[in-house]
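Here's a quick tour of the empty spaces and helix packing in this one. Have a look at the model first, then we'll go through it topic by topic.

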Amino acid sequence: MTLIKSISGIRGTIGGTVGEGLTPLDIVKFTSAYGTWAVNKTGIKKIVLGRDARISGNMLNNLVTGTLQGLGIDVIDLGLSTTPTVEIAVPAEKAAGGIILTASHNPKQWNALKLLNADGEFINDAEGKAVLEIAENSEFKYADVNDLGKVYTDKNYLKEHIDQILALPLVDAAAIAKADFKIVIDCVNSTGGIFVPALLKALGVNTVYELFCEPDGIFPHNPEPLPENLTALSKEVLQKRADLGIAVDPDVDRLCFVCEDGNMFGEEYTLVAVADYVLKHTPGNTVSNLSSTRALRDVTEKAGCEYHAAAVGEVNVVNKMKEVNAIIGGEGNGGVIYPELHYGRDALVGIALFLTHLAKFGKSVSNLRSTYPGYFISKNKITLTPDMDIDALLLKVEDKYKKQPYSTIDGLKIEFDKEWVHLRRSNTEPIIRIYSEGNSETVANNLANKIIADIKEILN
């Protein structure tokens with residue numbers, strides 16, 4: 001059983017021993033701490049709540065709702081929703097913050113409390129530490145019987161979110177409708193099965209083939225939208241002779257595409273393609289994290305604009321975007337952040353911008369992909385053991401490659417001309433992530449294998 005407390009929220013496997021898994025007592029404890037922190041910071045006794053379709057979601061929803069009521073906080077419950085939808089709802093409701101019950105791409109035994117501030121953005125590291133300190137010291141006081149919070153159910157934010165997307169100047173529903181796309185979607189039996197078909201209909205897409213769109217939380221495959229998990233989508237695109245396939249993760253903040261020939265567009269290139277379209281119409285700075293493809297930098301510089309790198313983690317990317325006034329940013333895992341709508345990864349706005357781009361491009365998805373630099377990222381990981389000193393390990397790798405350009409902003413990133421390797425501790429799982437990029441799959445894999453061999457040698 002695992003319980004991880006980080007800037008990504010409180011995440012863990014359901015059940016087990018208190019403090020070692022995400023148990024009911026842990027849920028009450030951390031909800032109490034977050035609710036206390038949010039009210040102390042804002043003076044507002046209102047929290048927006050939404051969840052993905054995980055099997056454990058209803059249980060968490062009941063515990064979180066009751067705990068917030070016990071603190072005297074009113075709950076605006078969006079029910080089955082998406083992470084970006086909750087992010088939009090928080091400032092609209094003038095709430096103290098928001099909680100999304102989702103473990104994002106993790107398998108079904110996982111769930112989490114993703115925590116938002118009053119702007120509908122993820123709480124930062126300092127705020128997260130403040131919440132954990134309140135939890136550690138049990139510094140919460142519950143309300144008297146006459147002051148218990150109330151629960152309000154609001155089902156209007158699906159429409160509100162889509163309406164805001166349709167109102168964006170760079171989203172052209174008429175062009176999308178005219179293109180008459182045939183699209184297959186894989187929504188991994190979570191809330192994308194509600195939101196993605198509704199969005200596509202609003203954009204004028206009349207032919208949609210639905211795969212795994214029943215929001216029952218029974219994931220038909222590993223829910224992370226990686227090529228090895230999207231074989232059914234690829235086959236369906238070919239069988240239906242569709243123009244493209246679309247896949248989202250359980251809470252609909254990650255997005256990737258399948259080309260008309262069944263090949264992957266590449267989750268790293270979701271942001272690249274959307275940024276390319278945005279830059280053509282509104283030049284400006286771009287941001288992605290250190291583990292994302294160099295292709296965004298290339299596309300940005302080709303447009304005469306500046307690219308900036310941030311530490312991994314949505315909150316870090318958002319902070320850098322605000323710092324450099326970026327017009328588009330995100331993460332190479334298929335996360336698109338478009339500030340014109342809101343500062344959060346949003347697969348729905350990504351779909352709308354990509355389809356507009358494709359409609360105006362006028363050729364196939366594979367043709368569009370061929371217009372971008374051909375980099376390949378190899379994504380590997382090493383599972384941590386309790387006795388492994390990750391900091392000491394990274395220092396030894398750093399020393400070995402001290403003659404190369406490197407960055408320690410977030411773990412260790414070493415550059416070899418246009419190739420790079422990035423080692424960092426995961427915020428969401430007990431692993432070291434090892435990402436490498438080169439101009440071919442072989443080059444990227446060889447670089448990753450070389451670093452993994454170095455690590456194994458150091459550990460031995």
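A crossing of two helices is called left-handed if the near helix is turned anticlockwise from the far one by less than a right angle, and right-handed if it is turned clockwise. With that in hand, the crossing of α7 and α12 comes out right-handed. Keep in mind that this is a predicted model. The whole structure holds three cavities of 30 Å³ or more, and its largest pocket takes up about 820 Å³.

**The largest pocket**

- The lining of this pocket is made up of 29 residues, and those nearest its centre are Leu-226, Pro-227, Glu-267, Ile-377 and Lys-379.
- Four elements give two or more residues each to that lining: helices α9 (268-281) and α15 (441-459), plus strands β16 (376-383) and β20 (431-438).
- Which element gives the most to the lining of the largest pocket? That would be β16, with six residues.
- Chemically, the lining of the largest pocket is a mix, with 10 nonpolar, nine polar and 10 charged residues.

**The second largest cavity**

- The second largest cavity has a volume of about 40 Å³.
- Around the second largest cavity you'll find Pro-225, Leu-226, Pro-227, Leu-230, Cys-256, Phe-257, Met-264, Gly-266 and Glu-267.
- By class, seven of the residues lining the second largest cavity are nonpolar, one is polar and one is charged.
- Leu-226, Pro-227 and Glu-267 are worth clicking on, as they line the second largest cavity and are also among the residues nearest the centre of the largest pocket.

**α7 on α12**

- Two packed helices are described by the angle between their axes and the distance between the axes.
- Helix α7 (residues 192-202) and helix α12 (residues 347-361) have axes that come within 10 Å and cross at roughly 30°.
- Why does α7 count as roughly parallel to α12? The crossing angle is roughly 30°, and angles under 35 degrees count as roughly parallel, so α7 gets that label against α12.
- On the α7 side the contact uses Phe-195, Val-196, Leu-199 and Leu-200, and on the α12 side Leu-348, Ile-351 and Leu-355.
- The contact of α7 with α12 has seven nonpolar residues, with no polar and no charged ones.

**α9 on α12**

- Helix α12 also packs with α9: their axes come within 9 Å and cross at roughly 65°.
- That angle makes α9 roughly perpendicular to α12, and the crossing of the two is left-handed.
- From α9, Ala-273, Val-274, Asp-276, Tyr-277 and Val-278 meet Gly-350, Leu-353, Phe-354, Thr-356, His-357 and Lys-360 of α12.
- Sorted by class, the contact of α9 with α12 has six nonpolar, three polar and two charged residues.

**α14 on α15**

- Helix α14 (residues 390-400) packs with α15 at an angle of about 120°, and the axes are 10 Å apart.
- That makes α14 oblique to α15, with a right-handed crossing.
- Here Leu-393, Lys-396, Val-397 and Lys-400 of α14 meet Asp-454, Ile-455, Ile-458 and Leu-459 of α15.
- The contact of α14 with α15 splits into five nonpolar, no polar and three charged residues.

**Lys-320**

- Lys-320 sits in helix α11 (residues 314-324).
- Setting aside neighbours within four places in sequence, Lys-320 is in contact with Val-287, His-308, Ala-309 and Ala-310.
- How far apart are Lys-320 and Asp-391? In sequence they are separated by 71 residues, and in space by 25 Å, C-alpha to C-alpha.

Methods
Residues numbered from 1 in each chain as written. Predicted model: local features only at pLDDT ≥ 70, side-chain atom pairs only at ≥ 80, totals over all residues. Heavy atoms only, no water. 1 Å grid on protein atoms, 1.4 Å probe; cavity = no way out; pocket = protein on both sides within 12 Å on 5 of 7 lines; lining within 4 Å. Points joined across faces, edges and corners; volume = space filled by probe spheres on them. Nonpolar A, V, L, I, M, F, W, Y, C, P; charged D, E, K, R; others polar. Axes fitted to C-alpha atoms, helices over the stretch in contact; angles between N-to-C directions. Parallel < 35°, antiparallel > 145°, perpendicular 65-115°, else oblique. Contact = heavy atoms within 4.5 Å.
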